[in-house]
Amino acid sequence: MDKQFEGSCLCGKVRYVVKGPFLRFFFCHCSRCRRATGSAHAANLFTRAGNVTFTAGEDSIRRYDLPEAQHFSRAFCTICGSAVPYLSRDGRVHVVPAGPLGDFDARKVDANVFWDSRAVWYEDGLNAPRKTESELKAK
Ligand SMILES: [Zn+2]
Ligand SMILES: [Zn+2]
């Protein structure tokens, strides 16, 4: 039996359980993912359709299929805007944002995809000083 991972949105309305096997784990640096996440890249896991079970708040999810794209979609909590898992447009896989899954250790990142579209400040940022939560609180 595969290990399961629990996730939820920021406000806690949407809750789900995800299981593997995980087919891919990508950091996607494309301009669509950068806009959709507001960050340097998306961090998405892919698991077979049916491996995601919503345990609460499924009626609070809104889905957006980018009209000009063949594959690009996203789904989010309509209350807090957090990314939540969704079924791919061809119905084959669930795309699962990795960030909310605590202690996820079932697959290593396979690749940084759309690397040529990465934010110009991304690599610099990785080399910036690292501060823990307690270091930020100490003053
Ligand atoms: Zn929410
Ligand atoms: Zn992308």
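Strands here are DSSP runs of E of at least two residues, numbered from the N terminus. By that rule valine 113 lies in strand 10. The model is a predicted one, and the walk below starts from the sheet to which strand 10 belongs.

That sheet is open and has five strands in the order 8-9-4-3-10, with mixed pairing. Strand 8 (86-87) and strand 10 (111-113) form its edges, each pairing on one side only. Strand 10 runs parallel to strand 3 (residues 22-28), and three bridges join the two. On the other pairing of strand 3, with strand 4, the sense is antiparallel and there are six bridges.

Phenylalanine 26 can be followed across both pairings. In strand 10 the residue opposite phenylalanine 26 is alanine 111, while in strand 4 the bridge partner of phenylalanine 26 is asparagine 44. As a general point, side chains in a regular strand alternate between the two faces of the sheet.

Back on the edge strand, valine 113 is in contact with Phe26, Cys28 and His29, leaving aside residues up to four places away in sequence. Is valine 113 buried or exposed? Neither class applies: valine 113 has 17 other C-beta atoms within 10 Å and is therefore partly exposed, since a buried residue needs 20 or more and an exposed one has 12 or fewer. Between the C-alpha atoms of valine 113 and serine 88 there is a separation of 18 Å, and the two residues are 25 apart along the chain.

The largest nonpolar core contains 23 residues, and Val18, Val84 and Val96 touch the most other members. At least two residues of this core come from each of strand 2, strand 3, strand 4 (42-48), strand 7 (73-77) and strand 9. The largest contribution is that of strand 3, with four residues. Around valine 18, with residues up to four places away in sequence not counted, the contacts are Gln4, Phe5, Gly7, Thr47, Asn51, Val52, Pro85, Val96 and Leu101. Val96, one of these contacts, is also named among the core residues that touch the most other members.

Three places in the loops have backbone features to note. The peptide bond from glycine 20 to proline 21 is cis, with omega near 5°. Proline 21 sits in the loop between strand 2 (15-19) and strand 3.

Aspartate 103 is not a glycine, yet its phi is positive, at about 55°. The loop that holds aspartate 103 runs between strand 9 (93-97) and strand 10. Which exposure class does aspartate 103 fall into? Aspartate 103 has 8 other C-beta atoms within 10 Å, so it is exposed.

Phenylalanine 114, also not a glycine, has a positive phi of about 55°. This residue belongs to the loop between strand 10 and helix 2 (122-126). Phenylalanine 114 counts as partly exposed because it has 18 C-beta neighbours inside 10 Å, and a residue is buried only if 20 or more lie within that distance.

Key. Residues numbered from 1 in each chain as written. Chains lettered and ligands numbered in written order. Predicted model: local features only at pLDDT ≥ 70, side-chain atom pairs only at ≥ 80, totals over all residues. Pairing = 2+ DSSP bridges. Contact = placed C-beta atoms within 7 Å. Core = buried A, V, L, I, M, F, W, Y, C linked by C-beta atoms within 7 Å.
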